[in-house]
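Colleague: Could you take me through the salt bridges in this one? I'd like a close look at where the partners sit and how covered they are.

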Amino acid sequence: MATFGTLSDRLSETFKQLRTKGKLSAADVDGTVREIRRALLDADVALDVVKAFTATVRERALGDEVNKALNPAQQVVQIVNEELVGILGGQQRRLQFAKNPPTVIMLAGLQGAGKTTLAGKLAKHLVKEGHTPLLVASDLQRPNAVNQLQVVGSQAGVPVFAPEPGNGVGDPVKVAKAGVEQARRALHDVVIIDTAGRLGVDAELMKQAANIRKATDPDEVLFVIDAMIGQDAVATAKAFQEGVDFTGVVLSKLDGDSKGGAALSVASVTGRPIIFASTGEGLDDFEPFHPDRMASRILD
Ligand code: GDP
């Protein structure tokens, strides 16, 4: 994975230096923590997240668990690993399904974040798991969005509910609501609602997304964020959390050469788990997110 390449290299260089030492002095720990801090900041991880992270690593690294360890340097690496898993959300969080189907999943995020692509990926993934999803085209902003959803729907072998005369043409909230009703009638057990995004956060977009949320009462609202947006990630995530609120995060474009800061900040600043990672343009470039595996990749 290209993302995290530089961060990963820098951390491994820092640990290599550390491994040349036997017992660690406070100065060794401080030097290491300083390097980790620089590497994270250069990877565009949010300052608050970096501060909290390095403070915890430092405190633990100066404590008994390292002092008494047979291999102190290895113990520090282990601590960094555990704390990384922590900022990535700790335990894996699976998609939550409604007790009474259909499970409603709403997608939200900026334009270009990868929502429509994700809708197809998620639909295909759910079909593989034995579900019968329906895709709902509530992105009526972008001229080609409905068509694009129809394309990914047909690739995934999943039907798409799109606005037609009588379906509430032009009104994304009505289309979303009608889509859920259609799913109930046609016995689809999951509904995935694609919504509109703008290039930047704006009030009208938030209101529309909030209205779709209110009208469809989703079980999951997934905030899709492009890992490439770097330092803007935190502000964007917070704006969506305030405006719509979401239950989980999907990191998209993790295959790109972003520095990884968004990935490392978003779960921590929003307190919402990362549920999926998107790693390419194809419908199979998608995986459930495992904080521990991601931490291992970074520290590889
Ligand atoms: P939306 O506006 O949020 O619906 O975004 P789209 O799903 O249309 O995606 C925007 C662009 O990003 C498209 O060209 C997609 O093919 C591309 N894209 C989406 N997800 C990924 C991903 O995980 N990796 C890469 N490399 N490209 C992606």
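**Salt bridges up close**

Modeller: Sure, and keep in mind that this is a predicted model. Let's begin with Glu 35, which is partly exposed at 32% relative accessibility. Its partner in a salt bridge is Arg 38, with 3.0 Å between the closest N and O atoms. Arg 38 is partly exposed too, its relative accessible area being 43%. Both residues belong to helix α2, which runs over residues 26-42, and they sit three residues apart, or about one turn of the helix. So that pair stays inside one helix, since Glu 35 and Arg 38 both lie in α2, and neither side chain is buried, because buried would need under 20% relative accessible area.

Now for a pair that reaches across the sequence. Lys 128 and Asp 284 meet through their side chains in a salt bridge, at 3.7 Å from N to O. Lys 128 is in helix α6 (residues 115-128), while Asp 284 is in the loop between β7 (274-278) and β8 (286-288), so this bridge ties together parts that lie 156 residues apart in sequence. As for cover, Lys 128 is exposed at 63% relative accessible area, whereas Asp 284 is partly exposed at 49%.

Arg 198 and Glu 204 make another salt bridge, their closest N and O atoms being 3.6 Å apart. Here the two ends fall into opposite classes: Arg 198 counts as buried, with 13% relative accessibility, but Glu 204 is exposed, with 57%.

There's also a group that goes beyond a simple pair: Arg 60, Glu 65, Glu 82 and Glu 83 are joined in a network of salt bridges. Altogether, the model has 18 salt bridges.

To put these in context, the protein has twelve helices and eight strands. Its radius of gyration is 21 Å, close to the 19 Å that the globule rule gives for 300 residues, so it is as compact as a globular protein of that length. The C-alpha trace spans about 75 × 40 × 30 Å along its principal axes, and buried residues account for 52% of the 300. Of the contacts with a separation of 6 or more, 76% are between residues 24 or more positions apart. On the charge side, there are 34 positive and 37 negative charges, and their mean positions are 2 Å apart.

Notes. Residues numbered from 1 in each chain as written. Predicted model: local features only at pLDDT ≥ 70, side-chain atom pairs only at ≥ 80, totals over all residues. Heavy atoms only, no water. Salt bridge = Lys/Arg side-chain N within 4 Å of Asp/Glu carboxyl O. Helix = DSSP H or I, 4+ residues; strand = E, 2+ residues; numbered from the N terminus. Buried < 20%, exposed > 50% of the residue type's maximum accessible area, 1.4 Å probe, protein only. Rg over C-alpha atoms; globule rule 2.2 N^0.38 Å. Contact = heavy atoms within 4.5 Å. Lys, Arg positive; Asp, Glu negative; His and termini not counted. Charge placed at Lys NZ, Arg CZ, Asp CG, Glu CD.
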